[in-house]
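Let's take a walk through this one together. Have a look at the sequence and the 3D view first, and then we'll pick out a couple of spots.

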Amino acid sequence: MTDAVIQLVPDPPEPAVAPGAVELVRRRVEGTYDLDPWGLDVDATRLAGRVAAMRWRATVSGIEHVPAEGPALLIANRRLGWSEPAVVASAVARETGRIIRPVGGIGVDPIGGLLRRLGALPARPDEIAAALRAGNLVLVPTRREPLRHRPGHLPIELLAPAVAARVPLVPVAVVGWEPGWRWSVQIGAPVVAGPPVERRADTRVDAREVGRVAVEVSSSLDAMLTDAFDRGLGDRLLSIVPGSRHRSNAVSAEGTGEGP
Amino acid sequence: MVWQTRAQRAAKVTLRAAESASNGLMRVLITGMGGQLGTLVARRLERLDGVDAIVGIDLDPPRRRLRRAEFHWTRPGDSDTVVEIVRSFDPTVVVHLGQFEPHARLVPDRADRASRHATESLLTALAQARSLRSIVVRSGIEVYGRGRGASICPDESAPATPTSQFGRRLLATERAVASFARSAGVPVTHLRFAPIAGFHAPSPLARLLKLQAVPVPAITEPTFALVHAGDAADVIVAAVHAERDEAVNVVAPGVVSAYQAARIGGRVPVPVLGPGWAVARRIVEVAGAPLPDHVHELLVRGRSADGSHCASVLGLAPTTSTRDIVSEIQQQAGVEFFEVIDGYAA
């Protein structure tokens, strides 16, 4: 297992479908490139993914937990920088070919427009609900957490749409150092609130259920981060960041009334 | 068309109503039957066995030949005539399509007045409808508005905060009809359509996209969805049968940006920024495609909605994609001049 973890920088596989530059320009000129209601530009996102693969090189484990099709909500820990959503998006896209829709970012144009073109969604429950109904993989980062071994608080209100729609919530532990290029992405087993349902009338949100799912996701994140640092992975990736022992307080009952 | 006196007309309609009441079939009243959408709905209803009689009113005659449906010309606000028609016909289902999109058939102020008067006269008349079972209202996703902080892809539960004249009129109509329906105890289905377009559908957006040069936002690329007039008519017919008491978004699959819409038809997109839109609006108006505020908003802020609820409650959803609708609009033939030989077109 240690050997597998030590291999931090595998050769990234070639993208499954890589339209050539001429094809990309042709689509641009003819206006036949794909957009979605939130402004996602598929060609531009694939192109950005290639650039991201040069900037961040991540090992991925547990990729089988990401559904090959259909909606899912990924919840990733985040520290003080901006890299985690990009690392997860580029790693999952590389492994599965699916485009990740990170939640958040600057909402003001032109930067907001650029981020939306690359797949970003507004941090609003209604937009997340609509994106999930459209079958997207949505990535919700936790609140910023300066301590590397803690997952950070979960934004409960952004998890609620996934719980209401009974789509899988997939915890993702991201370990790395902001200026660094070596990262580790561990994907945990999905947490599902109940059997999938189609009809919106059946998708009422139960606050207790949201709290229970949030605690479960947070515990899973906490366990994965603890495991990563116990194995020394963090020290290899975060070579100049001082380490500390782990203490679990991921979801301090934010809106749930319960601890993990 | 045979001209009838008011009494003859009332007698005929009353006789038809009495017959259908005895056999339990539907009697459908369509306001706005003269428009493209109203005509398509009437033609579809004519083919259904469960529909016994169809009566339509509008300020323009239907755009195609109707076999069974009966049309009555009325001016917007002519409540007396509408009351008489409703009282004698006694509809079981009302399809209220009398909402006039600015610069589609009427200039914005007249369109707004006509929509308001059509709704007021209809609701006044419906007080006389003893057999009314349900109402279907044509609305639009313009009711959600595109103000700062508004949802990009709203579902039916999103707050309605319209930011255009057309959106405000549609919302006012929804509220007026809902208020009446509550008091009458009948369900009302608000069908919130994306901008309706198609080969024959009069639409300010379609006229704009047919210009040789189309103004598009210079920096951002907001997207919009459309719905084909034929698909819209199918959804209305489904809503007539479903008798649901809720709002339903009706949106075609896929979205396009203004740039894409221009390029799909080989038009030249002209980037416009900020105050340049005031100039662009004047120029396109002179070119024959006036730009009402809701279309301007669509171009610069986008317009889409989550239409996934439609299939689950009505059993069908639009199938023609937004891209195909734009292609259809763009491929409409322009004026073709024939060579004249001996006084006849060659």
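Before we start, one bit of vocabulary: two strands pair if DSSP finds at least two bridges between them. Keep in mind, too, that what you're looking at is a predicted model.

With that in hand, go to chain A and find strand β5, residues 169-176. Strand β5(A) pairs with β6(A) in the antiparallel sense, with 5 bridges between them. How many residues make up the hairpin that joins β5(A) to β6(A)? The link runs through 5 residues. To see the pairing up close, look at Ala173(A), which sits opposite Gln186(A) of β6(A).

Now stay with β6(A), which spans residues 182-187, and look for another partner. Strand β1 of chain A, residues 57-61, is joined to β6(A) by 5 bridges, and here the two run parallel. In this pairing, Val60(A) faces Val185(A) of β6(A). So is β6(A) enclosed or not? It's largely enclosed by the rest of the structure, because 5 of its 6 residues are buried.

Next, hop over to chain B and find Ser257(B), which belongs to strand β12, residues 256-257. Why does Ser257(B) count as buried? The cut-off is 20 or more other C-beta atoms within 10 Å, and Ser257(B) has 23 such neighbours, so it counts as buried.

Who are its contacts? Setting aside neighbours within four places in sequence, Ser257(B) touches Glu221(B), Pro222(B) and Thr223(B), along with Leu35(A) from chain A. Leu299(B) is 42 residues from Ser257(B) in sequence, yet their C-alpha atoms are 7.8 Å apart in space.

Methods:
Residues numbered from 1 in each chain as written. Chains lettered and ligands numbered in written order. Predicted model: local features only at pLDDT ≥ 70, side-chain atom pairs only at ≥ 80, totals over all residues. Helix = DSSP H or I, 4+ residues; strand = E, 2+ residues; numbered from the N terminus. Buried ≥ 20, exposed ≤ 12 C-beta atoms within 10 Å, placed from the backbone. Contact = placed C-beta atoms within 7 Å.
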